[in-house]
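Here are my notes on the structure you sent round. They are set out as numbered points for checking against the coordinates.

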Amino acid sequence: MLAHLINGISLGSIYAIIALGYTMVYGIAKMLNFAHGDVIMVGGYISFCSMMYLNLPAPVAVLVAVFVCTVLGIVVERLAYKPLRAATSLAVLITAIGMSYFLQNAALLIWGANPKAFPNMFKNIEAIEIAGARVSPVAIVAIVANLIIMVALTLFTTRTKVGKAMRAVSEDKGAATLMGINVNFTISLTFAIGSGLAAIAGVLLCTAYPTLMPTTGSMPGIKAFTAAVFGGIGSIPGAMIGGILLGIIEILARAYISSELADAIVFGVLIVVLIFRPTGLLGKQIHEKV
Amino acid sequence: MNMIKNASSASKKAFLNYGIVIVFFIVFQTLVSTGNITSALKGQLIPIVCYMIMAVSLNLVVGISGELSLGHAGFMSVGAFTAVIVSSAMGDAANPAKLVVSMIVGAGVAAIAGFLIGIPVLRLNGDYLAIVTLAFGEIIKNILNCLYVGIDEKGVHFAFNNPDALGMNPLGKVVINGPMGAVGISKIATFPAAVILLMIILIVIQNLVNSRTGRAIMAIRDNRIAAESMGLSPMKYKMLAFTVSASMAGAAGAVYALNYSTLVPKKFDFNTSILVLVFVVLGGIGNMTGSLIAAGVLVVLPELLRKFSDYRMLVYAIVLILVMLVTNNEKLKGRIDTFFKKFRMNIAKGGRKK
Amino acid sequence: MKKKLLSLIMTGALVMAMTACGGNGNAAGGNGGSGSTGNGELTGTLKLGVIGPLTGGAAIYGNAVANGTQIAVDEINARGTGFTIELNPQDDEHDAEKSVNAYHQLQDWGVQAIAGTVTTTPCIAVSAEANSDRVFMLTPSASATSVTEGKDNVFQLCFADPNQGSASAQYIADNNLATKVAVIYNNADAYSTGIYQTFKAKAADLGLEIVSETTFTDDTTDFSVQVGDAQSNGAELVFLPIYYTPASLILQQAASAGYSPKFFGVDGMDGILTIEGFDTSLAEGVMLLTPFSADATDDLTANFVKSYNDKYGEVPSQFAADGYDCAYAITAALEFYAAKNGGLDVTGMTAEQLCDILIKVFTDPDFSVDGVTGLGMRWTANGEVNKDPKAVVIKNGVYVGM
């Protein structure tokens with residue numbers, strides 16, 4: 001039971017980091033970035049190539065991946081999403097889906113269909129035992145990284161000027177512009193941070209489940225999106241709580257109920273939560289104006 | 001006066017759609033019967049019609065009722081697997097009878113699924129509603145992955161998550177085998193039958209949209225609070241559109257299933273729902289003619305792109321993004337318009353010179 | 001309205017452009033005869049289609065088969081015997097609908113025989129079409145019995161599932177490898193489930209105790225629950241009737257859970273050592289039954305592995321080997337017929353004529369093929385192949401025969 005719980009928290013921490021990217025972009029740009037899951041996959045491939053072909057040490061490889069994904073995030077935003085700022089949210093959604101297809105198929109052409117086995121990055125870290133249950137190195141790193149990222153992001157959005165600008169843009173774009181905030185820059189910055197986080201999530205995901213394929217990011221992407229909605233989309237602590245709860249529910253459902261129905265149970269819990277709290281666990285209640 | 005004008009323009013549009021379907025049918029039926037068609041296109045005729053039905057039925061929810069649904073393929077799979085069971089259970093009955101009964105039962109079961117799912121879903125709004133439809137689509141897929149159905153002379157046996165629990169006698173036949181899906185479906189769907197179904201569905205949708213009920217649905221879409229204050233019940237009308245749309249997807253699924261000899265639940269995943277949504281958005285939200293054309297074109301497009309071999313799906317993705325950018329960005333659209341104007345003028349000039 | 005119109009025109013124009021430049025690729029009209037050249041030789045050009053997932057989640061299998069077939073075709077064409085093969089691989093994304101589309105595309109191209117399809121579900125759909133159209137199919141890797149059931153024109157180059165399961169159980173019992181066995185299988189996959197079912201039945205006869213049975217589906221990457229269940233039930237051996245990609249995840253997750261039982265795999269496990277970046281020490285001691293091993297030293301295999309490596313820069317998997325053998329088996333069958341019937345010119349023959357010939361040859365008890373996946377392969381009338389699996393164990397990162 002304890003072992004399952006630890007596995008669940010570890011998986012959930014990875015979901016949470018992905019979900020943070022979804023939630024930040026949604027909060028600011030009000031768009032569901034379906035290509036986010038594929039940025040994770042790109043992050044995985046970049047760090048894989050850095051380590052295997054360029055023989056870079058693991059921490060440098062992670063930095064390279066973060067850098068490339070950040071640039072990718074900004075480029076995607078500029079090319080595909082920025083021209084659609086005034087368009088309907090559905091048009092943006094379909095464009096994001098197109099971008100997701102594009103990234104997957106580009107990866108297929110560049111890196112081929114054969115899966116790559118991601119090297120173990122945390123060989124130096126010892127597994128620890130808690131009450132007889134083993135906590136693997138990846139789990140330790142995932143949980144710690146998740147906590148650091150959440151605290152850092154919370155401080156960033158509440159204490160720094162740019163972070164406050166972000167919150168202002170997410171409240172009201174028009175008013176933010178009037179206050180002299182550069183909205184385009186702020187949105188780009190959000191995409192940059194979200195994509196950088198995706199790269200970190202990609203590295204963790206691939207280390208925990210070391211098969212890297214062009215479709216690696218899609219299912220975790222959908223699950224993390226669910227986690228973001230679960231916790232209340234737009235809320236940073238919500239994404240973390242949603243991610244971890246989702247991971248725990250998934251692992252426990254698989255262990256005690258049925259591995260085929262685990263996903264159905266995860267989605268079922270989401271539906272129940274949304275019926276009682278229509279904007280997620282920590283989401284803001286939106287009041288309708290007449 | 002204005003009302004009458006609106007009504008007549010609406011019915012004109014409706015007749016345009018019937019016309020498109022009839023012309024489509026006559027052209028391809030002639031091509032098929034005279035043998036002037038590639039087998040590639042011939043093999044796609046029935047799926048094309050199925051996707052057209054999927055697109056117009058999703059347009060009823062997304063365009064007319066204004067709710068973003070990301071789980072439409074779930075209803076298609078309910079109809080599809082129901083049709084497989086029904087057609088197998090009918091044994092030696094005549095094929096047209098099997099097809100019709102399968103479609104009706106498939107549509108009925110999908111309607112029930114739509115109604116049950118609609119109860120929680122339609123209480124939500126916007127993106128939350130979208131994510132819950134996505135969740136239900138995945139749940140349907142997972143449940144079908146655990147469903148085992150067998151038929152022997154005692155009748156139909158069901159089992160959940162345990163194929164050994166079917167309790168069939170040894171002569172029985174397993175019709176649906178969990179995640180491996182249905183195998184050995186008798187292929188009884190025909191192109192004319194699919195087109196007749198499409199016609200019926202178009203007639204139902206267009207009469208619904210132009211009726212008092214349809215106007216109520218659209219009023220709720222445009223301003224829920226105003227409509228509610230006029231005494232319209234949003235839940236009732238949204239539910240009506242959602243259930244009707246689900247049943248149509250079920251009927252499309254029935255035809256689709258009976259056109260292939262095998263069917264797996266995984267076919268109807270999130271990606272299929274998105275595919276249909278792309279038809280609706282590219283064809284124009286609320287525009288049935290657009291849905292018909294977009295479904296037809298986009299189902300055939302990946303097949304035409306086969307000569308790009310490895311680059312096929314990459315090209316498809318780029319086309320999709322470009323079309324969205326061009327049609328939704330004012331600046332780009334303006335540039336393209338002027339480009340076409342110049343182009344036309346150049347042609348006109350060229351013509352004068354000669 | 002204008003907006004919508006524009007988008008429709010855009011897509012419409014694109015489609016027009018594509019149909020316009022692709023309409024004239026029809027098959028060259030044949031001379032209509034099943035021409036015999038009189039000297040017992042096989043001549044002409046065979047239009048061979050391959051259908052498999054070249055993109056999407058299962059692309060690895062389709063690409064391996066397409067590449068393997070290509071190597072064989074290159075070799076056959078380079079012989080200069082007057083018989084050549086024109087190869088046309090088509091993508092089906094591991095989807096029945098797309099697979100049937102691909103099949104129809106091949107028909108428009110004038111396909112005469114098909115090496116495919118690679119994966120089981122699409123294969124069932126396509127073989128139903130091919131059966132009514134009378135097109136010969138030799139599938140490299142779709143192993144479910146429902147692929148060939150009731151279709152006289154469909155043959156398998158790989159083992160049918162039931163054989164592998166019982167052979168594995170027999171091997172484990174004969175060699176006293178374990179008494180407590182765990183099975184982890186993919187219940188969304190006909191291949192995996194088929195082997196599991198026969199393994200279970202055979203294991204019961206032989207007194208092997210199955211202490212843990214867990215399942216997963218195609219999207220699964222987290223195997224902590226499955227591994228944990230096998231571990232807590234004290235299984236000494238874990239039987240993995242699955243493909244090597246999930247198997248590599250299971251080995252890695254078992255290692256990180258501190259669990260090290262014996263692992264026993266089937267032919268799908270072959271390829272695990274070729275995953276780029278895979279820590280082969282994890283696979284140390286893994287046993288598997290496979291018809292093909294890239295480390296075999298016989299000339300046939302060594303030559304194939306070398307050509308494949310030169311051309312594609314990787315070690316061929318069992319799928320590539322199956323594809324390679326498919327092209328050779330079809331060629332061998334045509335040569336067999338030509339030798340017996342005073343020659344054969346395949347150019348312009350219809351798929352139906354070739355289908356009759358190939359069925360006749362493949363069911364002929366005198367016809368056998370030596371390939372990289374087995375020597376003396378013979379086929380039964382219901383389409384299954386007879387060949388012997390070899391048991392190998394992984395030692396120091398290479399296969400060693402047992």
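The points below cover two chain contacts, one sheet and one residue of a predicted model.

1. Contact of chains A and B. Chain A puts 35 residues into this contact, and chain B puts in 36 residues. On the side of chain A that touches chain B, two or more residues come from each of α4 (89-111), α9 (218-231) and α11 (262-276) of chain A. The biggest contributor to that side is α4(A), with 12 residues.

2. Make-up of that side. The residues of chain A that touch chain B comprise 26 nonpolar, 7 polar and 2 charged.

3. Contact of chains C and A. Here 28 residues belong to chain C and 29 residues to chain A. On the side of chain C that touches chain A, at least two residues are supplied by each of α2 (59-78), β7 (209-216), α8 (224-232) and α9 (244-256) of chain C. The largest share of that side is 5 residues, and α9(C) provides it.

4. Make-up of the chain C side. The residues of chain C that touch chain A split into 8 nonpolar, 15 polar and 5 charged.

5. Sheet in chain C. An open sheet of 7 strands runs in the order β7-β6-β8-β9-β10-β15-β16 (chain C), with mixed pairing. Its edge strands, β7 and β16 (398-401) of chain C, each pair on one side only. On average, neighbouring strands of the sheet are turned by 25° against each other, direction ignored. Strand β7(C) also supplies at least two residues to the side of chain C that touches chain A.

6. The β15-β16 pair and a packed helix. Strand β15 (residues 390-395) of chain C runs antiparallel to β16(C), and 4 bridges join the two. Within this pair, C:V392 has C:G401 of β16(C) as its bridge partner. Helix α7 (residues 190-206) of chain C packs on the sheet, where it touches β6 (180-186), β7 and β8 (237-240) of chain C. The direction of α7(C) makes about 160° with that of β6(C).

7. A:L282. Is this residue, A:L282, buried or exposed? A:L282 counts as partly exposed because 19 other C-beta atoms lie within 10 Å, whereas a buried residue needs 20 or more. A:L282 sits in the segment after α11 of chain A.

8. Neighbours of A:L282. Setting aside residues within four places in sequence, A:L282 is in contact with A:G231, A:G232, A:S235, A:P237, A:G238 and A:I241. One of these, A:S235, is 47 residues away from A:L282 in sequence, while their C-alpha atoms are 6.7 Å apart in space.

Conventions
Residues numbered from 1 in each chain as written. Chains lettered and ligands numbered in written order. Predicted model: local features only at pLDDT ≥ 70, side-chain atom pairs only at ≥ 80, totals over all residues. Contact = placed C-beta atoms within 7 Å. Nonpolar A, V, L, I, M, F, W, Y, C, P; charged D, E, K, R; others polar. Pairing = 2+ DSSP bridges. Axes fitted to C-alpha atoms, helices over the stretch in contact; angles between N-to-C directions. Buried ≥ 20, exposed ≤ 12 C-beta atoms within 10 Å, placed from the backbone.
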